[in-house]
Amino acid sequence: MPELEFVNVRKSYRGPTGENLLALDDFSLKVAGGRFVTVVGPSGCGKTTLLRMAGGLIPSETGKIRLDGAVLEGPSPKMSMVFQGIGLMPWKTIEGNVSLGIQLQAHRQKLTAEESHFVKATLELVGLKGFEHYYPHQLSGGMQQRVGLARALVRQPEILLMDEPFGALDAQTRTVLQDELLNLWGRVKSTVLFITHDLDEAIYLSDMVVIMRRRPGRIKQVLEVNLPQPRYSYDARAEKEFTRLRSIAWQSIKEEL
Amino acid sequence: MTQSAEPMPQSNGANSIFAAIGGNQVLLGALSIAVFIGVWQVVSMNVPPIILPSPANVFAAFAELTASGELIRATGQTIWPFAVGLVFAFIIGTTLGLLLGIFRPAARLLDPYIFVFWSIPNIAWLPLFIAWFGVGQLTLIVFVFVSAVFPQLLTVEAGAKEADSFLVEVARSLGGTKREILHIVVLPSALPYIFAGLRIAVGRALVGIIVGQLLIVATGIGYMFQFYGETLSLAKYFAPLIVIAALAVLLNRAVNWAEHVFIPWKPRAFI
């Protein structure tokens, strides 16, 4: 099983007046293969920086990120990212957007018959059968994020990196998509690193919740969530264990706000 | 979009007439033209014909100039240098605009020159072009080209620079190379700007051809303006005016249509 490991990672940015802003300091975390790990923390704690580094979009300043033991340098075909802003190409149809997941990985325009079949199957998997030829602006926010999910899954990633993917959606859509994500995760069995600021979402989805300190981001506390999966098969949010974990997490995060 | 979800209100008198006409684009257009000509007729009856000829006189002059072949010949003389200049301006302006928008060092090097050349009023070039290219079609084409190329170039360059950095990042996360990102993100983002530039370029090129014909070659529509203006044959003066207006409307429609065909993803706003 693929494993993602952060070793003493540090990252700073240059502020508007030239001062150094330390976003993330001495961050070490091992995301074991097949696990669903969520990182929560106050805004500005370096969550997104963390994920962008994991996705190979920005380099770490010191320390390293290992993917299956090998040091990560740039975006890897073993990983897929899902963004809060989704980032669908407005000029491509839904099918075209999902196909990009394969095209940009294989560096060719033309999909094989098998691949285009897989694109269609993946769209069906996320509940978008029949919308193949729509353009993104013709879809609701929730449907657009399903496309984002399909574009990530079509690459058959070993690791899914998700940056507040449901943050911009309304509460009902978010709940539905959370359940669907758990369902998909149960099928594809990839490792997930999920960023959110929503404690309920973090506990509901994941095996492990990492709570961050405010800037500079460091790990404050790690909670194991031992509620059985899949959580949508029963009312997980009503479990005693769920409420217990949420109150611990809330106490912990409150000090950082 | 022609939707009539609400049943027509059965109110009395003028209201329902307006409602019926408002829903019909063709009828509305015809009505607008009728009102325009009506007002024109009324005004022309109250001023000397040397100030404003009546619509009937203008139509008669238009028919006469068409029948004699003068108007058609002049239109031909105007359209071809206009088209040649505009096509070159479009191709070169778009290509250079894309290149400058994509290769930032090239833009830093050339932008100041482009800005200076663009800032010089077109008309100031004309004596120089005559000296270089003589009194003839070539000068006319070059003048149309120079009038149209800068708006095309600058608009497309701005468009190519406008590519959403987030979409670039998404493409990068999917493994896209620089070349692929250019193809998948940068060029499609610039496409609407190509048409926006073309719309301005068409207008500038029209001004260019008329001014050029008026001042240098003494042919075409531009010369008709000069000739009938100087001889105070106002009814005949209106004929080339109608041709130019029709040409402008037609070209604008063509650009809209091309935009519709090439940018099918563009959401259309209805106000």
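This passage describes the domains, sheets, core and chain contact of a predicted model.

Chain A is a convenient place to begin. It is divided into domain 1, which covers 4-78 together with 158-254, and domain 2, which covers 89-156. The C-alpha centres of domain 1 of chain A and domain 2 of chain A are 25 Å apart. Where the two domains touch, 10 residues come from domain 1 of chain A and nine residues from domain 2 of chain A. On the domain 1 side of this contact, helix α5 of chain A (residues 171-188) gives the most, with four residues. That side of domain 1 of chain A consists of nine nonpolar residues and one polar residue, with no charged residue.

Two open sheets can be followed in chain A. Six strands of chain A make up one of them, in the order β6-β7-β8-β3-β9-β10, and its pairing is mixed. At its edges are β6 (79-83) and β10 (219-224) of chain A, each of which pairs on one side only. From one strand to the next, the twist averages 15°.

Strand β3 of chain A (residues 36-40) deserves a closer look. With strand β8 of chain A (residues 191-196), β3 pairs in the parallel sense over five bridges. Along this pairing, Phe36(A) stands opposite Val192(A), and Thr38(A) has Phe194(A) in β8(A) as its bridge partner. The pairing of β3(A) with β9(A) is also in the parallel sense and runs over four bridges; here Thr38(A) stands opposite Val209(A). How many residues of β3(A) are buried? Five of its five residues are, and the strand is mostly covered. Their side chains divide by direction: Phe36(A), Thr38(A) and Val40(A) point one way from β3(A), while Val37(A) and Val39(A) point the other way, and all are buried.

Helices accompany this six-stranded sheet. Helix α7 of chain A (residues 240-254) packs on the sheet and touches β3, β9 (208-212) and β10 of chain A. The direction of α7(A) makes about 180° with that of β10(A). Helix α4 of chain A (residues 141-153), in turn, lies across β6 and β7 (159-163) of chain A and runs at about 170° to β6(A).

The other sheet of chain A is an open one of four strands, in the order β2-β1-β4-β5, with antiparallel pairing. Its edge strands are β2 (20-31) and β5 (70-71) of chain A, and each pairs on one side only. Strand β4 of chain A (residues 62-67) is joined to β5(A) by two bridges, and these strands run antiparallel. One such pair of partners is Arg66(A) and Val71(A), the latter in β5(A).

The largest nonpolar core holds 123 residues. Which of these residues touch the most other members? They are Ala150(A), Leu161(A), Leu193(A) and Val209(A), together with Leu86(B), Val144(B) and Ala205(B). As for elements, α9(B) gives the most to this core, with 15 residues. Ala205(B) can serve as an example of the packing. Leaving aside its neighbours within four places in sequence, Ala205(B) is in contact with Phe82(B), Gly85(B), Leu86(B), Ala89(B), Val144(B), Ser147(B) and Ala148(B). Two of these contacts, Leu86(B) and Val144(B), are themselves among the core residues that touch the most other members.

Further along chain B is helix α10 (residues 220-230), whose buried residues are Gly220(B), Ile221(B), Gly222(B), Tyr223(B), Met224(B) and Tyr228(B). The buried residues of α10(B) pack against three helices of chain B, namely α4 (70-102), α9 and α11 (234-262). Just after α10(B), Leu232(B) takes a positive phi of about 55°.

Finally, there is the contact between the chains. It brings together 17 residues of chain B and 18 residues of chain A. On the chain B side, α8 (165-173) and α9 (178-217) of chain B each supply at least two residues. The most comes from α8(B), with seven residues. By residue type, the side of chain B that touches chain A divides into 10 nonpolar, four polar and three charged residues. Helix α9(B) thus appears in several settings: it supplies residues to the side that touches chain A, gives the most to the largest nonpolar core, and is packed against by the buried residues of α10(B).

Key. Residues are numbered from 1 along each chain as its sequence is written. Chains are lettered from A and ligands numbered from 1 in the order in which they are written. This is a predicted model: local features need pLDDT of at least 70, side-chain atom pairs count only at pLDDT 80 or more; totals for chains, interfaces and linings use all residues. Two residues are in contact if their C-beta atoms, placed from the backbone, lie within 7 Å. Ala, Val, Leu, Ile, Met, Phe, Trp, Tyr, Cys and Pro count as nonpolar, Asp, Glu, Lys and Arg as charged, and the others, Gly among them, as polar. Domain bounds come from an automatic or database domain assignment. Two strands pair if DSSP finds at least two bridges between them. Axes are lines fitted to C-alpha atoms, for helices over the stretch in contact, and angles run from 0 to 180 degrees between N-to-C directions. A nonpolar core is a set of buried Ala, Val, Leu, Ile, Met, Phe, Trp, Tyr and Cys residues joined through C-beta atoms within 7 Å. A residue is buried if 20 or more other C-beta atoms lie within 10 Å of its own, exposed if 12 or fewer, and partly exposed in between; C-beta atoms are placed from the backbone.
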